[in-house]
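Q: Hey, got a minute to walk through a structure with me? I'd like to talk about how its pieces pack.

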Amino acid sequence: MKNLKKYLLLSLSVLALVSCNDDDVPVANNVTLEFNNTFGDETIVLGDANSADATVNISSEGQKHHFSELKYIITNIRLVNDEGVEFPYNTQNLDTGATIIDQSKPETLQYVLSDIPTADYTQIKFGLGVKEDLNTLDEELFPVFYNADLEIHWYWATGYRFTQVEGYYGDDNAPLSIHTGSVLGGDADDESTWNTEDIHARNAYRDITLNLTTSAMVGENAPTIKIKADFDYLLSGTNKITLETPSEGYTAGTLPSKHSSPSTMVEFVDNMAGNGDTDITGMFSIENVEN
Amino acid sequence: MKKLIPNIFIVLLVSSCSNEAIYESFIFDNPEIELSIPIDFPVLNNSFYTNKPTKYGIELGEKLFFDKKLSRDNSISCASCHIPENAFADHNSKGIGIDGRVGLRNPPPIQNMAFMQVYNWEGSKSKLENQPLVPIITPEEMDASILDIIEKIEQDDDYIELFKKTFGDDDITGDRIYKSIAQYEYTLISANSKYDRVQNENDTFTESEAQGYQTFQEKCISCHSTALFTDQSYRNIGFPINPDNEETGRTRVSLNSDDLMRFRVPSLRNIEYTAPYGSFGQFATLEEVLDYLDNGVLEADNLDPILKDNNNRIPLSEEEKSNLIAFMKTLSDTEFIGLQ
């Protein structure tokens, strides 16, 4: 009987604690990132060579193009609160802190960050691509991310493709294939072994910083941050790129390329994700924040 | 509570007993194996020093190298494309993976790897330990997953025993698999050809071989230099271009268009056994290679100056060709490929 009383008391106090919390603001809540992949203001519709539905874009150099596939990797997500304090979201864990955006799979366009500490956030930072130390196709370390999409593996380089764009361009709908990824060689976790010659071109990872149009007030609310990725930038960003027919004898398929000169990966990368210095937004912008 | 304490003791006793039993029966002793390093060979790759071949590491690596469990459907092993009697090269023009899938390039021989600073036709890897994962996961090769492989080989008691003997415990990891395979490959040293014996004054060239060696020194040695018969540089020598649009040569690693269709100069050791030749097996025979160089190669902006300055060819008389081939056959190491 004594014991029963004890238990009753205990459970009562537990209930009391729980109900107390209910009245307070939770210590953490979710934040949803929603990606809208567009050409300008128009959300991209994918399509094959002769698709009537696909969203067609015209580059600044006047080249018509549309996509049949569009994927990219977002990692290293950090939220910065109104006091300037950065909250890193599982930044060293691809299984719990990275995601592959795939335009053909609507469910991948949203990524839920869980347990974000209650605060007003004014800025978001993330990476397009995978930092070199994690870019190893290590299935033992990150089995979930590794198996999420095998087609985004860059097997020969044992790294990930950071962006993978397939599509068609020009009046005759010639195929275009633009893949980006890092080619630093050496050991991922040992910077001294990297090939640092022209490292800006070889390291395709870029850090993006976006100021939120209105604060994301995490607490009672679980805000949604809508991020626009305007793929008009791919050919018409800082670098104005004209896609070319392969020169005699040379083609460049999986290489990030203007088809005839595969050395231009960095132009695509900088267009999409900025140069990490004077341009830290690239094609990304905040559409709005829903609290 | 009173009852609990003796129980805990019993558990502790049991566990300490079994621990002792394990340690008593297993003494970890895996000595490094001294390789005989040919004196005139180039310097060792630095990674060799961080993963020196050991008695059981080599044994484990060899078992893995020949094990078809490394492919997704257990149909091919490393040795399926790297055939020992072909100096660990392939007879197919391009590597053929599971389900008959055709790869991008001609599988290169695996020999004298410890002395190479870069691996693969375009030099995509600079550490041998980083190489095995590439064929393991490439869809046109083994199309496997390292976690699946680990699960498969964990079923095999011989492997558990070998991992324990190699690393001190039976933890099977990808890193340990890659390291063991590299250790085995480091032991594949070919340095006992007729050419080597002639250098050591234990043999003499025939008339034809001697003349071939003369021509070699005049027309080939600027690229096929050192005791490995490669200077390990990347060059475009205007060979027919791989129709696979994935192929750009060294460019895919350097991202530099100056490197388009540049490939690492291949070693000529055991060349008699490594047909077909060229990055995607363009040439069935050595005669075809020499005829092509004699007739003239493809023009390219970055064609090697040695060819460019010579009307895009290496002129060779029929006699020079047959003598060159006689010389190249003195680079055959019958012991290495298991004919002796």
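A: Sure, here are some notes on the domains, the chain contact, the core and one helix. Keep in mind that this is a predicted model.

Q: Okay, how is chain B divided up?
A: Chain B splits into domain 1, covering 46-186, and domain 2, covering 194-329. Going by C-alpha atoms, the centres of these two domains of chain B are 27 Å apart.

Q: And how many residues are in contact between domain 1 and domain 2 of chain B?
A: Domain 1 of chain B puts in 23 residues and domain 2 of chain B 24. On the domain 1 side, that contact is made of nine nonpolar, 10 polar and four charged residues.

Q: Switching to chain A against chain B: how many residues does the contact take from each?
A: 26 from chain A and 25 from chain B. On the chain B side, α5 (133-137), α6 (146-153) and α11 (251-254) each supply at least two residues. By class, that chain B side has 10 nonpolar, 12 polar and three charged residues.

Q: What about the largest nonpolar core, which residues touch the most other members?
A: The core has 120 residues, and those touching the most other members are A:V31, A:I73, A:I74, A:F162, A:M272 and B:I136. Strand β4 of chain A, residues 64-81, gives the most to this core, with seven residues. Domain 1 and domain 2 of chain B each add at least three residues too.

Q: Which residues does A:I74 touch, leaving out those up to four places away in sequence?
A: A:A98, A:T99, A:I101, A:Y111, A:F126 and A:L128.

Q: Back to chain B. Where does B:I172 lie?
A: B:I172 is in the loop between α7 (157-167) and α8 (174-186) of chain B.

Q: Why does B:I172 count as partly exposed?
A: Because B:I172 has 19 C-beta neighbours inside 10 Å, and buried would take 20 or more. Leaving out residues up to four places away in sequence, B:I172 touches B:I150, B:I153, B:E154, B:Y159 and B:F163. The C-alpha atoms of B:I172 and B:I160 are 7.7 Å apart, with their positions 12 residues apart along the chain.

Q: And α8(B), is it mostly covered or mostly open?
A: Mostly covered, with 10 of its 13 residues buried. Among the buried ones are B:I177, B:K179 and B:E185. The elements covering the buried residues of α8(B) include α2 (46-50), α3 (55-65), α5 and α7 of chain B.

Q: How far does α8(B) reach from its first C-alpha to its last?
A: α8(B) reaches 18 Å, close to the 18 Å expected at 1.5 Å a residue.

Key
Residues numbered from 1 in each chain as written. Chains lettered and ligands numbered in written order. Predicted model: local features only at pLDDT ≥ 70, side-chain atom pairs only at ≥ 80, totals over all residues. Domains from an automatic or database assignment. Contact = placed C-beta atoms within 7 Å. Nonpolar A, V, L, I, M, F, W, Y, C, P; charged D, E, K, R; others polar. Helix = DSSP H or I, 4+ residues; strand = E, 2+ residues; numbered from the N terminus. Core = buried A, V, L, I, M, F, W, Y, C linked by C-beta atoms within 7 Å. Buried ≥ 20, exposed ≤ 12 C-beta atoms within 10 Å, placed from the backbone. Expected span 1.5 Å × (residues − 1).
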